[in-house]
Amino acid sequence: MSQPHERSIWVLIDAISVLFAQAYMASRARALGIPSSMTRVQARRDHAYSDSVLRERELAIFRGHRQNRPVKQRLHYTPKERAEILQLMRLHGWSTKETAARFVVHPNTIRNWKWALREKHRAEDYVGSLPWNKLHAGVRWLVHEIRSLCPEREFGTRTSARHSMRAGIQISRASVLRILEEKRPSRPPRCTSSGTTSRIAPDHFFDPPCPNHVWHMDMTVFRLLWLRYEVAAIIDGFSRKILALKVFSSSPSTDQLLALIDEVSGQAGLPRYFVTDRGGQFQKRFRNELRRRGIEHARGRAQTWQFNAKIERLLWSLKSWWRVSLMVPSIEAVQTRLDGYATWHNLFRPHAALGIKTPVEAFMGSSTDEPMRYSEGGEFEPQIRVRRQNVRGDPRLHFPVILVRPKIRFVA
């Protein structure tokens, strides 16, 4: 027979501590039920005192663990945590040395945090910005209203933030995400009667310095019931403006693509570079014809979509719209719908690489107003009106129309 294991002294200590703890909780529960108000107050005070002692023991364990680690391996406090530490220091009346000992930092670190509060820029770096810079309730309502008007998946938080900034309201995508998780605020009163960064770029294909410097061209196949169409697209590399979006009943030839380029260049001018992939239409004859027109032809390598990524992204969005669109199976009707898509893309779709500008605004060099940040308690509050509008009656080509009128806050 196997001998039973000998029990350690810790088992006896644990049993005794459990016995005393249960007796203490039973007596405290009985004291809280006594009619005497003074006895109940003393029981609550005793419970708070014992709980604080246990929490202090718990913090001592974590504090000792941090003290034993090298200084370079210790965790660093975030600006928000630094602000909390300074608040606890004032509320408890701790000295600098006592605060440093409790949070395992050098006393000079606490002194630097206190000195930094006197200077604006240092204070924001050390303890973060103050919490009263909260977005106005009207701005938060606008975010929820845009989501209810445009609930489609392709109309995400980035697009919502861009349309709000175009309307003159400064907001980021992170703020939109945070606001959508909050409860929808009440509707604000109805209204009555950005800068762009400088572009210093080299003369190459991926970052052209001006419009009509680099054009991109590609083709893709669409299927509608039993019919097969091929669409050719040309965009400007600087502004992402759709210069041409033409449908063909079969694969277009080199002559048809050259005729399309001549049609576009007659309206927008000739580019310096023309970027394509290695399709069968873009061979030696295509290159010679472009050189005769004064255009340099550039072809990407096989299986290298990044070389022509701008138009590849356009075709991806075009196919996403095509899958959910209802079209009449005729080439004229398809061309009409493609023209509507080009209008929506050029006039009403702000592009990420263009900031808050649309392709037409970037192509024409138009400037936009600097967005204003509306916060609770600020000098101005917004009066907002928003509605959803479609391009040529297509519900998938929608955009929000936002009207913002700043109003000076009335202070009684």
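How many nonpolar, polar and charged residues does the lining of the largest cavity have? In this predicted model, that lining has two nonpolar, three polar and four charged residues.

## Enclosed cavities

The residues that line the largest cavity are Ile-235, Arg-240, Lys-310, Arg-313, Leu-314, Ser-317, His-345, Arg-349 and His-351, and the volume they surround is about 80 Å³. Helix 12, which runs over residues 309-323, supplies the largest share of this lining, namely four residues.

The second largest cavity holds about 40 Å³ of space, and its lining is made up of Val-143, Ile-146, Arg-147, Cys-150, Phe-155, Gly-156, Thr-157, Ser-160, Val-176 and Leu-180. Two or more of these lining residues come from each of helix 7 (137-149), helix 8 (157-166) and helix 9 (173-180), with helix 7 giving the most, three residues. By class, the lining of the second largest cavity divides into six nonpolar, three polar and one charged.

## Open pockets

The two pockets listed below are described by their volumes and by the classes of the residues that line them.

| Pocket | Volume | Lining by class |
|---|---|---|
| Largest pocket | about 810 Å³ | eleven nonpolar, eight polar, ten charged |
| Second largest pocket | about 500 Å³ | nine nonpolar, two polar, seven charged |

The lining of the largest pocket consists of 29 residues, and those nearest its centre are Glu-154, Arg-313, Trp-316, Ser-317 and Arg-349. At least two lining residues come from each of helix 8, helix 12, helix 13 and strand 7, and helix 12 again has the largest share, here six residues. Arg-313, Ser-317 and Arg-349, which are named among the residues nearest the centre of this pocket, also appear in the lining of the largest cavity.

For the second largest pocket there are 18 lining residues, of which Leu-59, Arg-63, Tyr-77, Arg-102 and Phe-103 lie nearest the centre. Helix 2 (37-67) and helix 3 (79-92) each contribute at least two residues to this lining, and the contribution of helix 2, six residues, is the most.

## Helices 12 and 13

Helix 12 contributes to both the largest cavity and the largest pocket, and its own geometry can be described in some detail. Its 15 residues reach 21 Å from the first C-alpha to the last, close to the 21 Å expected at 1.5 Å a residue. Buried in helix 12 are Lys-310, Ile-311, Leu-314, Leu-315, Ser-317, Leu-318, Trp-321 and Trp-322. These buried residues lie on the same side of helix 12 because they cover an arc of only 160° around the axis. The face turned away from that buried side carries Trp-316 and Arg-323, both of them exposed. Trp-316, exposed on that face, is also one of the residues nearest the centre of the largest pocket, whereas Lys-310, Leu-314 and Ser-317, which are buried, line the largest cavity.

For helix 13 (residues 331-348), the span expected of 18 residues at 1.5 Å a residue is 26 Å, and the 25 Å between its end C-alpha atoms agrees with this. Its buried residues are Val-334, Gln-335, Leu-338, Gly-340, Tyr-341, Ala-342, Trp-344, His-345 and Asn-346, and one of them, His-345, belongs to the lining of the largest cavity.

## The hairpin of strands 6 and 7

Strand 6 (residues 380-391) and strand 7 (residues 394-408) pair in the antiparallel sense, with twelve bridges between them. The two strands form a hairpin with two residues between them, and Arg-392 in the turn has a positive phi of about 55°. Within this pairing, Asn-390 stands opposite His-398 of strand 7, and Arg-388 has Pro-400 of strand 7 as its bridge partner. Strand 7 is also among the elements that supply at least two residues to the lining of the largest pocket.

## A buried proline in a loop

Is Pro-208 buried or exposed? Its relative accessible area is 1%, and a residue counts as buried under 20%, so Pro-208 is buried. Pro-208 is found in the loop between helix 9 and strand 1 (214-224). The C-alpha atom of Pro-208 is separated by 6.6 Å from that of Gly-237, although the two residues are 29 residues apart along the chain.

Conventions:
Residues numbered from 1 in each chain as written. Predicted model: local features only at pLDDT ≥ 70, side-chain atom pairs only at ≥ 80, totals over all residues. Heavy atoms only, no water. 1 Å grid on protein atoms, 1.4 Å probe; cavity = no way out; pocket = protein on both sides within 12 Å on 5 of 7 lines; lining within 4 Å. Points joined across faces, edges and corners; volume = space filled by probe spheres on them. Nonpolar A, V, L, I, M, F, W, Y, C, P; charged D, E, K, R; others polar. Pairing = 2+ DSSP bridges. Expected span 1.5 Å × (residues − 1). Buried < 20%, exposed > 50% of the residue type's maximum accessible area, 1.4 Å probe, protein only. Arc of directions from axis to C-beta.
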